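I am keeping these notes while I look through a structure for the first time, writing down each thing I looked up and what I found.

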Amino acid sequence: MPFIEASIGAWKPKVAECHENVDHWVKHHPGCTAVRGWLAYASYGSDDFGYTAHSVVRGSDGNLFDITPTIDPEYQRGRFVIHVGDEQTFLEMKDLSNQIRCQGYCPAPMLGLDVLLRSS
């Protein structure tokens, strides 16, 4: 998913504040929506694999893009997995633990087009 350098006047998205960044962007861009989900990660020094709660924008053209910068501009972002449930469930999961950690193999679920369309 592409990263877009975004700003609204003097406002710029902040590192590690993806949910707030996306909510602010959507509030100021009619036709855009917030998409909640999970960003896959791996710590290569250990067997630590998992998913971190993350939010991105669905533009009025239907394409997803990420507006939240990272500390290291060269950082390769993990694969984004759309949260299939409702926003309330996502927020409850995020508040319990901002990460889903996996022991061993923890793949992203295979999602068909019908599931992705329902979540939009």
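The entries below go from the overall fold to single contacts, and then to the pocket.

**Entry 1: the overall layout**

I began by noting that this is a predicted model, and I keep that in mind for every value I write down. I then looked up the secondary structure and found three helices and five strands in the protein chain. Reading along the sequence, I wrote the order down as α-β-β-β-β-α-β-α. I also looked up how much of the chain is hidden, and of its 120 residues, 31% are buried.

**Entry 2: helix H1**

Which residues of H1 are buried? I found Cys18, His19, Asn21, Val22 and Trp25 on that list. I then checked how they are placed around the helix, and they cover an arc of only 160 degrees around the axis, which puts them on the same side of H1.

Just ahead of this helix I stopped at alanine 16, which lies in the segment before H1. Its phi is near 65 degrees, and I marked this as a positive value in a residue other than glycine. I asked myself whether alanine 16 is buried or exposed. With 72% relative accessibility, alanine 16 counts as exposed, because the cut-off for that class is over 50%.

**Entry 3: salt bridges**

How many salt bridges does a search of the whole structure find? The search gives four, and I looked at several of them one by one.

I started with arginine 36 and aspartate 23, which form a salt bridge with their closest N and O atoms 2.6 Å apart. Arginine 36 belongs to strand S1 (residues 33-43) and aspartate 23 to helix H1 (residues 18-28), so this pair ties together parts that are 13 residues apart in sequence. The two partners fall into separate burial classes, since arginine 36 is buried with a relative accessible area of 9%, whereas aspartate 23 is partly exposed at 37%. I also noted that Asp23 and Arg36 are joined with Glu87 in a network of salt bridges.

Next I looked up aspartate 66 and arginine 77, whose salt bridge has its closest N and O atoms 2.8 Å apart. Both residues sit in the loop between strand S3 (64-65) and strand S4 (80-82), and they are eleven residues apart. Aspartate 66 is buried, with a relative accessible area of 3%, while arginine 77 is partly exposed, with 25%.

Then I turned to aspartate 95, which forms a salt bridge with lysine 94, and here the closest N and O atoms are 3.3 Å apart. I wrote down that aspartate 95 is exposed, its relative accessible area being 59%.

**Entry 4: aromatic pairs and strand S3**

Before looking at rings I reminded myself that a pair of aromatic rings is described by the distance of the centres and the angle of the planes. The count for this structure comes to two aromatic pairs, and I followed one of them, tryptophan 25 with phenylalanine 65. The ring centres are 6.5 Å apart and the planes stand at 85 degrees, so the pair is edge-to-face, because planes over 60 degrees apart are placed in that group. Tryptophan 25 lies in helix H1 and phenylalanine 65 in strand S3, so the pair ties together parts that are 40 residues apart in sequence. Tryptophan 25 is buried, with a relative accessible area of 10%, and phenylalanine 65 also counts as buried, at 15%.

While I was at strand S3 I looked up leucine 64, which lies in it as well. Leucine 64 is partly exposed, with a relative accessible area of 22%. I compared its place with that of phenylalanine 3, and the two are 61 residues apart in sequence and 9.4 Å apart in space, C-alpha to C-alpha.

**Entry 5: the largest pocket**

Finally I looked up the largest pocket, whose volume is about 420 Å³. Which residues that line this pocket are the closest to its centre? Of the 22 lining residues, these are Ala16, Leu39, Thr52, His54 and Thr70. The elements that give two or more residues to the lining are H1, S1 and strand S2 (48-58), and S1 provides the largest share, with four residues. Sorted by class, the lining has ten nonpolar, eight polar and four charged residues.

Notes. Residues are numbered from 1 along each chain as its sequence is written. This is a predicted model: local features need pLDDT of at least 70, side-chain atom pairs count only at pLDDT 80 or more; totals for chains, interfaces and linings use all residues. Side-chain values use heavy atoms; hydrogens and water are left out. A salt bridge is a side-chain nitrogen of Lys or Arg within 4 Å of a carboxyl oxygen of Asp or Glu. Buried means under 20% relative accessible area, exposed over 50%, partly exposed in between (1.4 Å probe, protein chains only). On a 1 Å grid over the protein atoms alone, a cavity is a set of points where a 1.4 Å probe fits but cannot get out, and a pocket is an open set with protein on both sides within 12 Å along at least five of seven lines; lining residues have an atom within 4 Å of a point. Grid points are joined across faces, edges and corners, and a volume is the space filled by probe spheres set on the points. Ala, Val, Leu, Ile, Met, Phe, Trp, Tyr, Cys and Pro count as nonpolar, Asp, Glu, Lys and Arg as charged, and the others, Gly among them, as polar. Rings of Phe, Tyr and Trp (its six-membered ring) pair if their centres lie within 6.5 Å; planes under 30 degrees apart count as stacked, over 60 as edge-to-face and the rest as tilted. The arc is that of the directions from the helix axis to the C-beta atoms.
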